[in-house]
Number of protein chains: 2
Amino acid sequence: MTTINDIAQMAKVSRTTVSRALNNSGYVSEDVRKRIMKIVEETGYMPSQSAKSLRTKRSGVIGIILPRLSTETSTRVVNGINEELAKEGFQILLTDTELNKQKEIEYIRLLKTRHVDGIILLATNVNEELIKAIHNIDIPVLAIGQELPGVPSLVYDDYHAAADLTNMLIHKGHERIAFIGVTHDDPSVGGLREQAYRDKMKVNGLEIQETWIGQGDFSIESGYEQMKSILKRSKGQEPTALFAVTDRMAIGAMEYLKEQGYTIPEEMAVVGIGASALSKYITPSLTTIDYHNKDAGKKAAELLLRQLKNEKIDKKFELTYRLIMRNSV
Amino acid sequence: MTTINDIAQMAKVSRTTVSRALNNSGYVSEDVRKRIMKIVEETGYMPSQSAKSLRTKRSGVIGIILPRLSTETSTRVVNGINEELAKEGFQILLTDTELNKQKEIEYIRLLKTRHVDGIILLATNVNEELIKAIHNIDIPVLAIGQELPGVPSLVYDDYHAAADLTNMLIHKGHERIAFIGVTHDDPSVGGLREQAYRDKMKVNGLEIQETWIGQGDFSIESGYEQMKSILKRSKGQEPTALFAVTDRMAIGAMEYLKEQGYTIPEEMAVVGIGASALSKYITPSLTTIDYHNKDAGKKAAELLLRQLKNEKIDKKFELTYRLIMRNSV
DNA sequence: CTGAAAGCGCTTACAG
DNA sequence: CTGAAAGCGCTTACAG
C-alpha cells in the first residue's frame, strides 16, 4: 500500500507538507500543492484511517445501536441518519442488540474502542446501568425514541399521538375500546401510549375492562394471539374497536379478526402506529400514525453533528406526527 | 483514556506482557495473567482498535455495500450477515449506494482505507470498472446477487425461479402472460428472470406480445404504472396473468388492478418474487418465491470468514429458493 | 512556506 | 516466562 511517505518521496517534499496539502491545514505553496495532488491522483493514494484516527482521536465513523434491523422503523431511521451523515463524509458502524439490554451497554463501550466520533442509540428502554454507561464514555451520544436522563434525546410525541387515536375512536362512537400494548420497560411505547389511552378513556367517562387489555411483543404473531385472547376473555362485553400500539401488532390482530369472519371496521375498528408499508396495502388499509421516522433519523444525525462541532444543544427534542385516516375505522 | 501502558504500570509488568495476556499469544505465567486480567476488569480497559488495526492491518470490521437499506431484501441479508459476523466478534461498516454505480466503486476504495478485513457487496449490476476496482484492492470481497467474474459470488437461482413461476402459470392454463421487469444493467433481476420467462413461453408454444412487457424500477409505484400501461397498450388481447420480477412491483400492479375492479386471481393472476411481509398480508395474498435472504446473508458471512482464514473457496455458490403458492393465482 | 521530531496505542520479532 | 525496542501511518507543535 502506498503511504504518505511514498507520496512525500515522489513529490520530493516532507510528509508534513503532504499532510498539510491533503488536509488543507497550514500553508502550502500552490506549486507544491499541485505537485502533490497530481501524485495523489495518479497513485490513488488514500490515507489510512486507522493511523489518522489513532493520532487525531477522531474516526469519521458514527456508531448506531439499534434494537432490530428488521423493522421498518429502524430501517427508516438508519436511512435518514445515513443520508445526513454521508453528506459530511461520515460512515456508519452498525450494531444490533436483538432487543438485549446487556448488549446495548456492551456496544456502547465497544463503539468507544473503535473510536467512533459519536453514537446514536435507538433506545427501547431506560435503566440506570445504561445511563451510567453513556455518561462514562465521554463521546456524544444521542438517543432516539426514549427520553434518557441527561442524554440529548429525540422523542416521538407518543402521548399525544396515542391520545389522538383514542379520541378519534371515541368520537366515532366507540365506547368499548381494546388495547394491545407492550412491556413498560419501554417507557415510550409501553408506558406513554397506554397512559394516553387510559387517560382519554377516563376523561370521556368510559370504563376500561381489563379483559380488553393485552400485551404483545411487537411481532405480528403476538398481535394475532392477543386479539384472540382478548376476544375469548371478554365474551358478552366484547370491544368494538382495537388500539394496537404498533402497526405490526394491529395487522396480526386483523388477521385473526378476518379469520374469525369479523368485518373491519364495521364489527371491529382497528388502529395502529407506525405507518408501515404494510398498513397501507393491507385490506382494509390501516388507520395509523406516521412518525416520520426518516426525518427523525436526519434530525438525529444533524443534532449529533452539531454536538461534534461543540455546539450546545438542548436535552430534548420532540418530533411531530401525523394521523393517517384509512379504511380500518 | 486508559491505555495498555497504564495497565502495564499498574500490574508492574511491561506492556509486551499485557498485550500477550490480552491476546492469548505467547507465554504468560498464570500469576501475572491473573493480575493483569483483574486490573483490566477493574479499569474497564479496552484496547484501542485504531492502534491495533494500524499495527496488525486488521480491524475486525467488515464493510457492506448495499443498494438500498430500505428494502426488505437488503435488510434480511444484512441481518443474516450480522448474526454470523457478530458471533466472531466482527462489526459491520455500512454503506448505501442509493443505486448509484459510481458510489459502489467509491465505497470499495473507501472501505479499504478504513482497513476493513473484507467486503460484502450486494451487487445490482456488473461492469468493467467495478470488477477492476475489486481486483485492485487486495482484500477479500464477496458478491451477493450477481455473478461477478473472478469474484466469489453467491447468487440466487434467478433463472430457475422465474422459469418455475412461468411454468406454473402456464400449467394453470394461462396463455397470455404479462411481464414487468427491470433494466438489464441488472443481469440477475433484469436479465435472467426475463430470459427464463421468454424461454418458458417459447418452449410451451406461447407467443409473447411485446405490449405485455413493462419495465419498472423496483418501486411499488412503478408496478402500478406499468400495469396501467400494459392494460392500455394491449386492448383486445389483454393478458390473463402477470409476472412481476419483484413483490413490490407485483403489489403495485395489484393496486391498479383492484382500483380498476379486476378480480384477482379470476380475471388476472399475479405473481412476484421476494416473499416480502407485504406479499403475505396483502389481499389476496401473493404467490411468490422465497429466496431465503437471511440465509444468504449468513452464508455470505461464513464464506467471507473462510476467505479471511485463507481457505480457498469456490468462485460461485448458488442458493436455493422456494415457491410459495398463495391466493393471487 | 517547509521540515525534523515526537508521539498516538498497539504488536511482534529478538534477546535473555 | 518476560522485556526493550522498533515500527505501523499519520498529525502537530515547534523551529526556521
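In this predicted model, helix α4(A) makes the largest contribution to the surface near DNA strand D, with 5 residues; helices here are DSSP runs of H or I of at least four residues, strands are E runs of at least two, and both are numbered from the N terminus. A residue is taken as near a strand if one of its heavy atoms lies within 4 Å of it. For orientation, residues are numbered from 1 along each chain as its sequence is written, while chains are lettered from A and ligands numbered from 1 in the order in which they are written. Because the model is predicted, local features need pLDDT of at least 70, side-chain atom pairs count only at pLDDT 80 or more, and totals for chains, interfaces and linings use all residues, with side-chain values based on heavy atoms and with hydrogens and water left out.

DNA strand D is surrounded by 27 residues, and the closest are I4(A), S19(A), Y45(A), R55(A) and T17(B). Both chains take part: α2 and α4 of chain A and α2 and α4 of chain B each supply at least two residues of this surface. By class, it divides into 10 nonpolar, 10 polar and 7 charged residues, where Ala, Val, Leu, Ile, Met, Phe, Trp, Tyr, Cys and Pro count as nonpolar, Asp, Glu, Lys and Arg as charged, and the others, Gly among them, as polar. Of the DNA strand D atoms within 4 Å of the protein, 55% belong to sugar or phosphate and the rest to bases. Bases are reached from both chains: a side-chain N or O atom of T16(B) is 2.9 Å from a base nitrogen, and one of T16(A) is 3.4 Å from a base oxygen. On the backbone side of the DNA, a polar side-chain atom of N23(A) lies 3.0 Å from a phosphate oxygen.

Turning to DNA strand C, 27 residues surround it, the closest being T17(A), I4(B), S19(B), Y45(B) and R55(B). Here α4(B) gives the largest share of the surface, 5 residues. Among the individual pairs, a side-chain N or O atom of Y45(B) is 2.7 Å from a phosphate oxygen, and a backbone N or O atom of S14(A) lies 3.0 Å from a phosphate oxygen. A polar backbone atom of A51(B), in turn, is 3.3 Å from a base nitrogen.

How are the two protein chains related? A rotation of 180° with 0.0 Å of shift along its axis superposes chain A on chain B with an RMSD of 0.1 Å, the fit being by least squares on the C-alpha atoms of residues with pLDDT of at least 70 in both. The two copies are thus related as by a two-fold rotation axis. Since 100% of the interface residues of chain A are also interface residues in chain B, the copies meet through the same surface.

Away from the DNA, helix α9 of chain A (residues 187–203) has buried residues including V189(A), R193(A), E194(A), Y197(A) and M201(A); buried means under 20% relative accessible area, computed with a 1.4 Å probe on protein chains only. Their cover includes α8, β6, β7 and β8 of chain A. Just after α9(A), G205(A) takes a positive phi of about 70°.

In chain B, S328(B) sits in the segment after β12 and counts as buried at 0% relative accessibility. Its side chain reaches the backbone oxygen of V270(B) at 2.6 Å.

How values were computed. Contact means heavy atoms within 4.5 Å. A polar contact is a pair of N or O atoms within 3.5 Å; within protein, one must be able to donate a hydrogen and the other to accept it, and residues adjacent in sequence count only if both atoms are side-chain atoms. Buried means under 20% relative accessible area, exposed over 50%, partly exposed in between (1.4 Å probe, protein chains only).
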